[in-house]
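Here's a set of exercises to work through with the structure open beside you. Try each task before you read its solution.

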Amino acid sequence: MHIEPGLVDSGKIWLSYVTAAGAGGYTLKLAWDTLRERGPVSLVARGLATTALVFAFFEVLPHYPVGVSEVHLILGSTLFLIFGAAPAAIGLTFGLLVQGLFFAPFDLPQFGMNVTTLLVPLFALTALARRIIAPNTAYVELKYRQALALSTAYQAGIVGWVAFWAFYGQGFSTENAAAITSFGGAYMLVIIVEPLVDLAVLAVAKLLNRGKGSALLERRLYEPA
């Protein structure tokens, strides 16, 4: 997911620095909570794993420009379920940064917008998970409707933020609205595919059942809250 260069001009891009700072601050809060709960080794290991995965998602998995941005299979809900909220946020941030620094420097001016667009829906997904997943349910026991709800919340959040940046930067013209609509429509495919990926990954984790207690995995994956 990349906001197109020039979508928001230099006179307005300051807002992305504010939103990215807020998202970064909340990520630090989640990381501190995880650090106290699981220790530094677990947090660092999971952060490195998610960073590598996010980088692979952006560079290896199919992606194509549509309207005002690019459509990616980001698998944010998968990262959350397997590794936890803080490692997922760390991975999304640094995976995006590594890609920008070494492979897409033209995206660096949009980094604040892109990281906001990836992280804030993740935080919303985390809050939703607390509401729709019973405390006595391990993630490997999730049903399709729950995986669909999490994935839809994340992808809808991405589309919403992309639309916000597009309207903020380019106004409410018919052409801009059409470009935003085409981008949102293209993301429907991601909303269909991602819950299936989530359930497939969770099914493999349940079948193997070897990661219980692993520092590399989210504890809730196998254990009730």
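A salt bridge here is a side-chain nitrogen of Lys or Arg within 4 Å of a carboxyl oxygen of Asp or Glu. Before you start: this is a predicted model, where local features need pLDDT of at least 70, side-chain atom pairs count only at pLDDT 80 or more, and totals for chains, interfaces and linings use all residues. Residues are numbered from 1 along each chain as its sequence is written, and side-chain values use heavy atoms, with hydrogens and water left out.

**Exercise 1: salt bridges**

Find out how many salt bridges the structure holds, then work out which parts of the chain some of them tie together.

Solution. Some background helps: side chains of opposite charge can pair when their charged atoms come close.

Step 1. The count for the structure is five salt bridges. Lys29, Asp33 and Arg36 are joined in a network of them.

Step 2. Look at arginine 219 and glutamate 37, whose closest N and O atoms are 3.6 Å apart. Arginine 219 sits in the segment after helix H7 (174-208) and glutamate 37 in helix H1 (residues 14-38), so this pair ties together parts 182 residues apart in sequence. Helices are DSSP runs (H or I, at least four residues), strands are runs of E of at least two, and both are numbered from the N terminus.

Step 3. Go on to glutamate 218, which bridges to arginine 46 with closest N and O atoms 3.5 Å apart. Glutamate 218 is in the segment after H7 and arginine 46 is in helix H2, so the parts tied together are 172 residues apart in sequence. Glutamate 218 and arginine 46 are both buried; buried means under 20% relative accessible area, exposed over 50%, and partly exposed in between (1.4 Å probe, protein chains only).

Step 4. Now take lysine 206 and glutamate 141, which meet at 3.1 Å, N to O. Lysine 206 is in helix H7 and glutamate 141 in the loop between H5 and H6, so the pair ties together parts 65 residues apart in sequence. Lysine 206 is partly exposed at 42% relative accessible area, and glutamate 141 is partly exposed at 36%.

**Exercise 2: aromatic rings**

Work out how many aromatic pairs the structure holds, and classify the ring pair of tryptophan 161 and tryptophan 165.

Solution. Step 1. Start with the rule: rings of Phe, Tyr and Trp (its six-membered ring) pair if their centres lie within 6.5 Å, and planes under 30 degrees apart count as stacked, over 60 as edge-to-face and the rest as tilted. The structure holds 10 such pairs.

Step 2. Practise on phenylalanine 55 and phenylalanine 103: the centres are 5.3 Å apart and the planes at 50°, so the pair is tilted. Phenylalanine 55 is in helix H2 (residues 40-59) and phenylalanine 103 in the loop between H4 and helix H5 (111-132), so the pair ties together parts 48 residues apart in sequence.

Step 3. For tryptophan 161 and tryptophan 165, the numbers are 5.7 Å centre to centre and 35° between the planes, again tilted. Both tryptophan 161 and tryptophan 165 lie in helix H6, four residues apart, about one turn of the helix. Tryptophan 161 is partly exposed at 21% relative accessibility, while tryptophan 165 is buried at 0%.

Step 4. Widen the view: ring pairs link Trp161, Phe164, Trp165 and Tyr168 into a cluster.

**Exercise 3: helix lengths**

Which span would you expect for helix H6, and does it agree with the end C-alpha atoms or differ?

Solution. Step 1. The expected span is 1.5 Å times one less than the number of residues.

Step 2. H6 (residues 144-170) has 27 residues and should span 39 Å; its end C-alpha atoms are 38 Å apart, which agrees. Glycine 171 follows H6, with a positive phi near 85°.

Step 3. Repeat for H7: its 35 residues reach 52 Å from first C-alpha to last, close to the 51 Å expected. Just after H7, asparagine 209 takes a positive phi of about 50°.

**Exercise 4: an unusual backbone angle**

Say where leucine 75 lies, and whether leucine 75 is buried or exposed.

Solution. Step 1. Leucine 75 has a positive phi of about 60°, although it is not a glycine.

Step 2. Leucine 75 sits in the loop between strand E2 (69-72) and helix H3 (76-83).

Step 3. With 7% relative accessibility, leucine 75 counts as buried.
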